[in-house]
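I opened this entry to keep track of what I looked up, item by item. The notes run from the whole chain down to single residues.

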Amino acid sequence: MINIPKGTKDMLPADSHKWQAVENAARKIAAVYNVQQIRTPVFESAELFLRSVGEGTDIVNKEMYIFEDKGGRKMALRPEGTAGVMRSFIENNLGESLPLKTYYIESIYRYEQPQSGRYREHHQFGTEFFGSDKPEFDAEVISLAHDFLHEVGFTDDTLRLQINSIGCPQCRGEYNKALKAFLSSHINELCGDCKRRAEINPLRALDCKVESCKKIYVNAPRITDYLCDDCKAHMDKVKSLLDLNGISYTVNEKLVRGLDYYTRTVFEFVGPKYTVLGGGRYDGLCEQLGGKHMPCVGFGCGIERLIEAAEGIGVTFNKNTPDVFVAAQCDEARGECSKIVRALRGAGISAETDLMGKSLKAQFKYADRRGFKYVITIGESELASKTVNIKQMIDGAVVSVDKADLAAQVGRLLWQK
């Protein structure tokens, strides 16, 4: 027996409707915001992620799946979505018509300890907006994230939007000096990861999940005290736009996000147990990867974690109920059943007939268990007749319909219900 790899999970047929509901919500909201889909390879040059995500991050230091291909090239499975989209943006000259608003639904790979809602292979809905350094861009992305989460079933009472500004490289440089001094004064109390972060990238320390470190960082310097006038004005405008659009939020001055490329606005939507969606602005990443200056904003949302969080607050994902089962009362009727099913499917009606040689009783049990709305039974009398009876499974009501106009009449019955 070969078992599934640790940290991965099958999406089983019984759960597929949950994924479809989330993905449909993503596509629906993306469409109303005029956002176009982009798809990038599941593996890229490892250098892409080393240069973009940052050597001081857990992703690079602990979690990347890196391998050498047959040509001796160092490759990596995609550990996050933004870097690949940015590589595609640069390589395909997508900046000729701005703004460019993109979204993706794709798999992500990180070698980390599996935990609730997080796996070594997980799936993500994300957006990347290119072209504007204005606060309206930040508010647009946050608004899209808010509307997507509400489309899934969350409310402002079940998810809290937290925002912060981590400044530009200039003002953040001064903050890093103050933060590094603070961390040095507590160096013997910090976890091993934070001791390393204190030297390489002190801002990352504030993202630590170790409780003893979190208690220390309560008294750490605040980034908001070091923001330059432009960054302050940018954050104030973002907040005013969120207020104008009725999107509630709180300012979390310890929010930094976990990737090096972020600048200015960062945000998270936080549920009762954990963060379900997060993102921010990354104005320097395009240049960092060899392109021209290109201000950008985006977010990522783990689908597994989102589904778990949604069910935790009582959101239910409705299954699609199949329409019509065509049951064969005798072997001679099976050909006619197949013909009827094909006609119904041609009219856009979900239909099925027995493929297992089951008895009529067993076929009805199957139709009931699968939740079919109607059953049509074909036997010797129906073969000789111009009409067939269609049974409504919920109450047993029977309606006689003309064979010649069967699909249209079934369609009207479904529409009435």
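**Overall build**

I began with the secondary structure: the protein chain has 16 helices and 16 strands. I note at the outset that this is a predicted model.

Next I looked up the size. The radius of gyration of the protein chain is 27 Å, whereas a compact globule of 417 residues would have one near 22 Å. I then took the extents along the principal axes, and the C-alpha trace spans about 90 × 55 × 45 Å.

I checked burial over the chain. Of its 417 residues, 49% count as buried. I also looked up the accessible surface, which comes to about 20,900 Å². Carbon and sulfur atoms account for 49% of that surface.

How much of the contact set joins residues at least 24 apart? I took the contacts between residues at least 6 apart in sequence, and 68% of them do.

Charges came next. I found 56 positive and 56 negative side chains in the protein chain. The centres of the two sets lie 3 Å apart.

**Aromatic rings**

A pair of aromatic rings is described by the distance of the centres and the angle of the planes. I found eleven aromatic pairs in the structure.

I asked why Phe89 and Phe130 count as a stacked pair. Their ring centres are 4.2 Å apart and their planes are at 0°, so the pair is stacked. The pair links distant parts of the chain, with the two positions 41 residues apart in sequence. Phe89 sits in helix H4, residues 82-91, and Phe130 in strand S6, residues 121-130. I looked up burial for both, and Phe89 and Phe130 are each buried.

My second pair was Tyr366 and Phe372, which is tilted. Here I read 6.5 Å centre to centre and 40° between the planes. Tyr366 has 15% relative accessibility and so counts as buried. Phe372 is buried too, with a relative accessible area of 4%.

I also noted a cluster. Ring pairs link Tyr103, Phe125, Phe148 and Phe299.

**Backbone exceptions**

Most residues other than glycine have a negative phi, and most peptide bonds are trans. I went looking for departures from that.

Which residues does a cis peptide bond join? I found Leu98 and Pro99, with omega about 5°. Pro99 is placed in the loop between H4 and strand S5, the latter covering 100-109.

Asn93 is also in the loop between H4 and S5. I read its phi as near 50°, a positive value in a residue other than glycine. Is Asn93 buried or exposed? Its relative accessibility is 53%, so Asn93 counts as exposed.

Asn34 also has a positive phi, near 60°. I placed Asn34 in the loop between helix H1 (16-32) and strand S1 (36-37). With a relative accessible area of 62%, Asn34 is exposed.

**Three buried positions**

I started with Val297 in strand S11, residues 296-302. Its relative accessible area is 1%, so Val297 is buried. I set aside neighbours within four places in sequence and listed the contacts of Val297. They are Thr127, Glu128, Phe129, Phe137, Asp138, Val141, Gly280, Arg281 and Tyr282. I also looked up the separation from Gly131: the C-alpha atoms of Val297 and Gly131 are 8.9 Å apart, though the two positions lie 166 residues apart along the chain.

Ala310 is in helix H12, residues 303-312. I read 0% relative accessible area, so Ala310 is buried. Beyond neighbours within four places in sequence, Ala310 is in contact with Val152, Phe154, Val315 and Phe317. Ala310 and Leu159 are 151 residues apart in sequence, and I found 9.9 Å between their C-alpha atoms.

Last came Thr377, in strand S14, residues 374-378. Thr377 has a relative accessible area of 17%, and the cut-off for buried is under 20%, so Thr377 is buried. Which residues is Thr377 in contact with, leaving aside its neighbours within four places in sequence? I listed Ala327, Gln329, Leu360, Phe364, Glu382 and Asn389.

Notes
Residues numbered from 1 in each chain as written. Predicted model: local features only at pLDDT ≥ 70, side-chain atom pairs only at ≥ 80, totals over all residues. Heavy atoms only, no water. Helix = DSSP H or I, 4+ residues; strand = E, 2+ residues; numbered from the N terminus. Rg over C-alpha atoms; globule rule 2.2 N^0.38 Å. Buried < 20%, exposed > 50% of the residue type's maximum accessible area, 1.4 Å probe, protein only. Contact = heavy atoms within 4.5 Å. Areas by Shrake-Rupley, 256 points an atom, 1.4 Å probe, with all protein chains shown as cover. Lys, Arg positive; Asp, Glu negative; His and termini not counted. Charge placed at Lys NZ, Arg CZ, Asp CG, Glu CD. Phe/Tyr/Trp six-rings, centres within 6.5 Å; stacked < 30°, edge-to-face > 60°.
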